[in-house]
Amino acid sequence: FNEGAALLLLAHDFPEMAQATVWRQLAVQRLQAMLRATVDGDGVEVENSPFYHVYVLGLVAQITDWAKRYEPGLAPAYTAAKARMLRYAAYVTQPSGYLPMLGATATTYLPSQDPTVYGPMADTDPEFAFAYTRGARGTAPPAGAWLFPESGLYLLRSPLASAAQLANQTFVTFDAGTYRTEHSDLDALSVTMYANGSTVLPESGLFTYTAQPDRAYFHGTRAHNTVTVDGEDQPEGHARPRGKGGTNGVAWATGTSDLYAGVAHRRSVVLLAQALVLVVDRLASAAAHDYTQHWHLPPGARTSVAGRDVVAQDAAGRPVLAIRQADPAGLALASARGATAPMQGWYSAAYGAKTPAWALAYTRRASTTTFATLLAAGPHAGQRATVTRRAATGGGSTVDVCVAGTPGYAVTVPAGDGAIGVRPGGVGCPAG
């Protein structure tokens, strides 16, 4: 983008030079080709990295503004791409203003981006303005489940009563898309979760581009909140979005992956209410495998373990996230923090820097199995809670979630494609 824009600028500023006309034609061709190759039909920059998306958005916006004045033939495509990119930037930004650290993304705070470039965009797009100003102005992206289908990224948000409550909003990313470039990670069906003012389930970060064991770890599957098979990284390839929906404050999304040979993985993510998320993984194969569900906690978190349940606490000892499993039988729990053989339990907030952080691994050996996992954050993290699973018609599951202070939930997850059902009052939940 920079080289194409520079060549076009030279052609316009020095028209008397012999090659100016050729430069102009070549620059326009290159800039058109770059836009087609770099920004998909959803307006998502193809590297699957929110950081690179915001970076390229700045370039596209500046080229758009210049082209409207000096190269009108180039302006329509760039104007349309800019509008699509603004929507994605608005939707993918966490309530804190930070970008989720998906793919090649280090810590990035959207409101700190150059006001001379991003400020004018906030003046033209209300949803981007909301993200750029952390709710000081503009229109909040809608609650519920949103899918950018070409990238395969789901974004789930709890209802927001007012901008004053933005910091406490629950926000979940769920990657059911395609590995597209080396700035993507091997993270099919991974999730992140932000709730009650902090990221409670982060990605592990970028750390380095250099080929070394650190790169293999941070780029690999074990560094993400997803499931590995037999301890191996996923190959590069496709996961697939399978559906989304919700009503009355509930949002859900489903994705599938067959990246591991002979294994079908279906993951459903259900945002039940503010700070309550249920994740249901079903893995099926003709042969037995070690299926490991990974969860990564923020640096500085401490853990308390009771059976197969884990409660993460902040530095002051306050519970911030409880991870509860519905089927503890046959489930082994391991944890690592700053391990090196193999690497596990690391977090990188900035390029080239890493710090230990707890990573949890739930493993069950089976040919076909289901994990039903409750993620209870904020005020629910320290509450009495249970999660149980029972078989449903057609091979699906009904999961009963009981959390003190809520009516409880009965969540029916079909074995195949279809709507997830959520009704209040799960079996065994006390009234209220």
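A residue counts as buried under 20% relative accessible area, as exposed over 50%, and as partly exposed in between. With that scale in hand, and keeping in mind that this is a predicted model, the tour can start at an aromatic residue.

**Stop 1: F51 and its ring partners**

Select F51, which has a relative accessible area of 31% and is therefore partly exposed. Add Y52, which at a relative accessible area of 16% is buried. The ring centres of F51 and Y52 lie 5.0 Å apart with the planes at 75 degrees, so this pair is edge-to-face. Now bring in Y55: its ring centre is 6.4 Å from that of F51 and the two planes are at 5 degrees, so the pair of F51 and Y55 is stacked. Both F51 and Y55 belong to helix α3, where they are four residues apart, about one turn of the helix. Y55 has a relative accessible area of 40% and so is partly exposed.

For another view of aromatic side chains, select Y88, Y91, W146 and F148, which together form one aromatic cluster.

**Stop 2: helix α3 against helix α4**

Colour residues 50–70, helix α3, and residues 75–92, helix α4, whose axes come within 9 Å and cross at roughly 150 degrees. Because an angle over 145 degrees counts as roughly antiparallel, α3 is roughly antiparallel to α4. The crossing of these two helices, α3 and α4, is left-handed. To see the contact from the α3 side, show P50, H53, V56, L57, V60, A61, I63, T64, D65, A67 and K68; from the α4 side, show A75, Y78, T79, K82, M85, L86, Y88, A89 and V92. Sorted by class, the residues of this contact between α3 and α4 are 14 nonpolar, three polar and three charged. Y88, one of the α4 residues in the contact, is also one of the members of the aromatic cluster visited above.

**Stop 3: helix α1 against helix α3**

Keep α3 in view and add helix α1, residues 2–13; the axes of α1 and α3 come within 11 Å and cross at roughly 20 degrees. Is α1 roughly parallel or roughly antiparallel to α3? With the crossing angle at that value, α1 is roughly parallel to α3. The crossing of α1 and α3 is left-handed. On α1, select N2, A5, L8, L9 and H12, which meet Y55, L59, I63, W66 and Y70 on α3. By class, the contact of α1 with α3 holds eight nonpolar and two polar residues, and no charged ones. Y55, the stacked partner of F51, is thus among the α3 residues that meet α1.

**Stop 4: helix α1 against helix α2**

Next, hide α3 and display helix α2, residues 20–38, whose axis comes within 8 Å of that of α1, with a crossing at roughly 150 degrees. The two helices α1 and α2 are therefore roughly antiparallel to each other, and α1 passes α2 in a left-handed crossing. Where they touch, G4, A5, L7, L8, L10, A11 and H12 of α1 meet A20, W23, R24, L26, A27, V28, R30 and L31 of α2. The contact of α1 with α2 is made up of eleven nonpolar, two polar and two charged residues.

**Stop 5: V387 in strand β20**

Move along the chain to V387, which sits in strand β20, residues 385–391. V387 has a relative accessibility of 7% and so counts as buried. Apart from its neighbours within four places in sequence, V387 is in contact with L278, R324, Q325, A326, A372, L374, V399, D400 and V401. Select G428 as well: although 41 residues separate G428 from V387 along the chain, their C-alpha atoms are 9.9 Å apart.

**Stop 6: backbone details in three loops**

Most residues other than glycine have a negative phi, and most peptide bonds are trans. Inspect the peptide bond from A341 to P342, which is cis, with omega near 0 degrees; P342 lies in the loop between β15 (339–340) and β16 (343–344).

Then go to D230, which is not a glycine yet has a positive phi of about 55 degrees. D230 is placed in the loop between β6 (227–229) and β7 (239–245), and at 37% relative accessibility D230 counts as partly exposed. Finish at N248, a residue other than glycine whose phi is positive, near 55 degrees. N248 is in the loop between β7 and β8 (251–257), and with 76% relative accessibility N248 counts as exposed.

Technical notes. Residues numbered from 1 in each chain as written. Predicted model: local features only at pLDDT ≥ 70, side-chain atom pairs only at ≥ 80, totals over all residues. Heavy atoms only, no water. Axes fitted to C-alpha atoms, helices over the stretch in contact; angles between N-to-C directions. Parallel < 35°, antiparallel > 145°, perpendicular 65-115°, else oblique. Left-handed = near helix turned anticlockwise from the far one by under 90°. Contact = heavy atoms within 4.5 Å. Nonpolar A, V, L, I, M, F, W, Y, C, P; charged D, E, K, R; others polar. Phe/Tyr/Trp six-rings, centres within 6.5 Å; stacked < 30°, edge-to-face > 60°. Buried < 20%, exposed > 50% of the residue type's maximum accessible area, 1.4 Å probe, protein only.
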